[in-house]
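This report describes the packing of one protein chain, from its interior to selected single residues. Please keep the sequence and the structure in view while reading.

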Amino acid sequence: MLIAPETLLERLDDPRLRICDVRWFLTEPGRGRAEYEQAHIPGAIFVDVDRDLVAPTGPGRHPLPSPADFARRMGELGIGPEHEVVAYDQGGGTIAARLWWMLDAIGHPRAGLLDGGLAAWTAIGGPLDATVPDHPPVTLAPRRSTWPGTIDREALAASLGSVRLVDVRAAERYRGKVEPVDPVAGHIPSAVNLPTTGHLGPDGRFLPPAAIAARFREAGVDGDGPTVVHCGSGVNACHTLFALRLAGLPGATLYPGSYSDWSRSGMPVRSGQEPGEPTTDPQ
């Protein structure tokens, strides 16, 4: 699941690898691709969050495409079942984990993250270049026709109070102090805040699995009952699902629409540090 930059450096010429650059910036559309075109890890292909990992329409800002459409696009980029995928972004994998989760969910057997992302790569002196690889298209068939381990807004609203709901956005967005993109500031009633960046150390690499597990348990996420994870639009939440897997804890359910779907649908929100009561009455 997790490959160290030192290990990737030794394997750059491995033809079985498909290195994927998934850089993306919340309020700067196009910046990720522009930075990729300037310099990237040698052999990396660019996977565009807004074009390759998102459906044209659906709930929230980043609705999931169908597994079939996603698999078809990955095949066009040259990613097949025989390849080992190593995804990275500009930091600790909070964006790249979306690609990991989607590949894992359709049954791809070998997908993981570069520990520490591009920052860790450059910190060890890893080379960069601007050459865009030209991989021939291949066939990648999804093992599932629907996304497993997900929940929609209606089902979540009916489950509030009976599930552990985890909001992985930054604390200031959870508290409603700032909201850069969604129409209403705050959080879904009953959600606890566990920012996804807390799984990382100062160097941007993942904490040891035991430390990650302890952090989850302190927040009451220990496999004792169902857990639903969400973020702003279903991207960063995948990083927390990765961390759960890394820590050896039971998996959780993803709310793909996340807060962007909830806040656009007239559902109640809360502000402040407390989760709030799990009412589902619309505003």
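Which residues of the largest nonpolar core touch the most other members? The model is a predicted one, and in it that core has 55 residues, of which Cys20, Val22, Leu53, Phe70, Met74, Leu99 and Trp101 touch the most other members. Elements that give two or more residues to the core are the helices α4 (67-76), α5 (96-105), α9 (209-218) and α10 (237-247), together with the strands β4 (84-88) and β5 (111-114). Another core lies apart from this one; it has 15 residues, including Ile151, Ala191, Trp262 and Met267.

Leu53 illustrates the surroundings of one such core member. With neighbours within four places in sequence left aside, Leu53 is in contact with Val22, Phe70, Met74 and Leu99, and also with Val47, Asp48, Pro63, Pro65, Arg98 and Met102.

**Helix packing**

Two packed helices are described by the angle between their axes and the distance between the axes. The axes of α9 and α10 are 8 Å apart, and these helices pack at an angle of about 115 degrees. The crossing in which α9 passes α10 is left-handed. On the α9 side the contact is made by Pro209, Ile212, Ala213 and Phe216, and on the α10 side by Thr240, Ala243, Leu244, Leu246 and Ala247. Sorted by class, this contact of α9 with α10 has 8 nonpolar residues, 1 polar residue and no charged residues.

How are α5 and α10 arranged relative to each other? Their axes come within 8 Å and cross at roughly 65 degrees. An angle of 65 to 115 degrees counts as roughly perpendicular, and α5 and α10 are therefore roughly perpendicular to each other. The crossing of α5 and α10 is left-handed. From α5 the contact takes Ala97, Arg98, Trp100, Trp101 and Asp104, while α10 supplies Cys238, His239, Leu241, Phe242 and Arg245. By class, the contact of α5 with α10 has 6 nonpolar, 1 polar and 3 charged residues.

**Pairs distant in sequence**

Four residues are listed below, each with a partner elsewhere in the chain.

| Residue | Partner | Separation in sequence | C-alpha to C-alpha distance |
|---|---|---|---|
| Pro109 | His83 | 26 residues | 8.8 Å |
| Ser263 | Ala185 | 78 residues | 8.2 Å |
| Val221 | Leu249 | 28 residues | 8.7 Å |
| Val229 | Val168 | 61 residues | 7.3 Å |

Pro109 is placed in the loop between α5 and β5. Is Pro109 buried or partly exposed? Its relative accessible area is 46%, so Pro109 is partly exposed.

Val221 lies in the loop between α9 and β8 (227-230). With a relative accessible area of 4%, Val221 is buried. Not counting residues up to four places away in sequence, Val221 touches Arg164, Val166, Phe216, Thr227, Leu244 and Leu249. Among these, Phe216 of α9 and Leu244 of α10 also take part in the contact between those two helices.

Val229 has its place in strand β8. Val229 counts as buried, because its relative accessibility is 1%. Beyond residues up to four places away in sequence, Val229 touches Val166 and Val168, then Ala237, Thr240 and Leu241, and finally Ala252, Thr253, Leu254 and Tyr255.

**Helix α11 and two positive phi angles**

Ser258 and Ser263 both belong to α11: Ser263 has its place in this helix, which comprises residues 258-263, and Ser258 lies in α11 as well. Ser263 is buried, with a relative accessible area of 7%. Leaving aside neighbours within four places in sequence, Ser263 is in contact with Asp182, Pro183 and Val184.

What is the phi of Ser258 near? The value is near 50 degrees, which is positive in a residue other than glycine. Ser258 counts as buried, at 0% relative accessibility.

Ser190 likewise has a positive phi, of about 85 degrees, although it is not a glycine. Its place is in the loop between α8 (171-174) and β7 (192-193). At 16% relative accessibility, Ser190 counts as buried, because the cut-off for that class is under 20% relative accessible area.

Note on methods
Residues numbered from 1 in each chain as written. Predicted model: local features only at pLDDT ≥ 70, side-chain atom pairs only at ≥ 80, totals over all residues. Heavy atoms only, no water. Core = buried A, V, L, I, M, F, W, Y, C linked by side-chain atoms within 4.5 Å. Buried < 20%, exposed > 50% of the residue type's maximum accessible area, 1.4 Å probe, protein only. Helix = DSSP H or I, 4+ residues; strand = E, 2+ residues; numbered from the N terminus. Contact = heavy atoms within 4.5 Å. Axes fitted to C-alpha atoms, helices over the stretch in contact; angles between N-to-C directions. Left-handed = near helix turned anticlockwise from the far one by under 90°. Nonpolar A, V, L, I, M, F, W, Y, C, P; charged D, E, K, R; others polar. Parallel < 35°, antiparallel > 145°, perpendicular 65-115°, else oblique.
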